[in-house]
Amino acid sequence: MDLKAKATSGLKWSAIERLTTQAMQLIVMLALANMIGPKAFGLVGMLAVFIALSQVFVDAGFSAALIRKVDCTEADFATAFYFNVLVAVTCYVFLYLTAPLIAGFYQLEELTGLLRVLGLNVVFGAFSVVQRAKLTIKMDFKTQAKASLLSVLLSSSAAITMAYNGFGVWALIAQMLIMSACNSLFLMFLHPWWPNESFSKKSFNYMFGFGSKLLLSGVIDSLYKNIYQLIIGKVFSAKDVGYFTQANQITMVPAATLTTVIQRVTYPLLSHIQHDTKRLDQAYLLTLRLAALVIFPLIVGIGAIATPFIHLVLGEQWVDSIPFVMLLCTGFMLMPIHAINLNILQVKGRSDLFLKLEIIKKSVTTVMLIIAVPLGVKAICIGIVVQSYIALLINTYYTGKLTTLSPIKQLINIFPIWCFALLSNALAYWSINKITQSYSQQLLGTIIVAISLYFFMLVLFERDLIKQFTRLLKPIKA
């Protein structure tokens, strides 16, 4: 199978895995939201930053280093595995011992027990890091899809059953733990592998040399992605954290899912052609445009239907999250563009520049937080949107220095799609809300009108891009 065929197959199975598993998890999350309410989500949201940081330390950029290296040895994989597991156990011990202090910070004693159990998720996940890297190198996303789907089915069934029987926040904890543990077990069963080499200092030095910058970048990124829940939980209340967390999930999960589909396939693909500058730049620009074509209208569309969707699906107890959803979607629509730009830095081996960018962007986020926190949660959401657009300028500037694609050229190629997505959804939202006050009619009408307007605009102005997208979907013979 040639590289193009592998990429197409990989994209298909990566999409099946991410879209199906995340769709199922989103549906379950919405069901749980109705059953256990905002406070339970807020409690888990307060702990998210500590779990996320631990997971970054466990990976430490080693999986990216393995995927990028063209001649990985068994010693490389074994060394990464030993490191992942050792760091995971260390992180769990740290979380267990500091749980009372974290609970004291929020002045919520119940967080101690929650964190000590939820922290096991870090250990379970460590056993699948190398497995996923090996499968990604082969572009074998079919096996990963099977493991993920089975894990989601089991964890979702357990969570719904527990919520129905009154376990509250523990249903969310159980879902996360079962998902992680089952995923590692299924990957081991479907693609058996166990380290048969000893720890290699040479392998460690290579992976840590490349991954250490990604580790620091990941720490900074995870801290700032989850710092909002930490600050809202400290300054405001668990309910406010719940509203923000729910809005964040409704908007970020679809954006992050589709971005991951693209990122997981394009990173190994672009790594294979990293020495062919012209081909790399062409693939990079096409990926940007195709990602924008699909993700921009979808994420903006979530904001357009936020009011009827939350009233109908989540109920009146969640209506305070509506303005947060509408704001966040305009920022999260740029997630694939950020991810693809950062992929180029890793492909070019510039993990040092990757780190530099994270420091610059998070400095901007810090300023936004200082300004926004005294003004309330809505102001924090506005700050997230502003930071996303500033980050776009920063990312495209630096990737433009490593490629022939200047920031202006990148922005010109995605700006029309951005306009079509916003305009079609804004017109749909305005027109349908003028016609009817029925939430079900608003939901259906907005979706139909927005899709129709967007497709009409693409046919008029972006016909070539539609043809390229259609060709990508056609099956390719090996």
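**Close-up 1. I380 and the residues it touches.** Leaving aside residues up to four places away in sequence, I380 touches Y228, I232, F236, A372 and V373. This is a predicted model, so read every contact here as a feature of that prediction. I380 itself sits in helix α16, which covers residues 377-402. Is I380 buried or exposed? I380 counts as buried, because its relative accessible area is 2% and the cut-off for buried is under 20%. For a sense of the local spacing, pick out I370: I380 and I370 are ten residues apart in sequence, and their C-alpha atoms lie 9.4 Å from each other.

**Close-up 2. Helix α17, end to end.** Helix α17 takes in residues 407-435, 29 residues in total. How far apart should its ends be? At 1.5 Å a residue the helix should span 42 Å, and its end C-alpha atoms are indeed 42 Å apart, so the two values agree. Even so, there's a kink to look for: about 35° at I414, shortly before the proline P416. I414 is also one of the buried residues of α17. The others on that list are Q410, N413, I417, F420, A421, S424, N425, A428 and I432.

**Close-up 3. A nonpolar patch with L97 in it.** Here's a bit of greasy surface: V89, V93, Y96 and L97 form a nonpolar patch. Together these four side chains' residues have about 370 Å² of accessible area. L97 belongs to helix α3, residues 74-106. Why does L97 count as exposed? Its relative accessibility is 62%, and exposed means over 50%.

**Close-up 4. The loop between α3 and α4.** Two residues are worth a look in this loop, Q107 and E110; the helix that follows, α4, covers 111-118. Start with the backbone of Q107. Most residues other than glycine have a negative phi. Q107 has a positive one, near 60°, and it isn't a glycine. Q107 is also exposed, with a relative accessible area of 66%. E110 is partly exposed, at 39% relative accessible area. Which residues does E110 touch, not counting those up to four places away in sequence? They are K39 and L43. The L43 contact brings together distant parts of the sequence: E110 and L43 are 67 residues apart along the chain, yet 8.9 Å apart in space, C-alpha to C-alpha.

Methods
Residues are numbered from 1 along each chain as its sequence is written. This is a predicted model: local features need pLDDT of at least 70, side-chain atom pairs count only at pLDDT 80 or more; totals for chains, interfaces and linings use all residues. Side-chain values use heavy atoms; hydrogens and water are left out. Helices (H or I, at least four residues) and strands (E, at least two) are DSSP runs, numbered from the N terminus. The expected span of a helix is 1.5 Å times one less than its number of residues. The bend at a residue is the angle between axes fitted to the seven residues ending there and the seven starting there. Buried means under 20% relative accessible area, exposed over 50%, partly exposed in between (1.4 Å probe, protein chains only). Contact means heavy atoms within 4.5 Å. Patches are made of residues with over 30% relative accessible area and no salt bridge: like charges are joined within 9 Å, nonpolar side chains (Val, Leu, Ile, Met, Phe, Trp, Tyr) within 5 Å. Accessible areas come from the Shrake-Rupley method with a 1.4 Å probe; for residues, only the protein chains shown count as cover.
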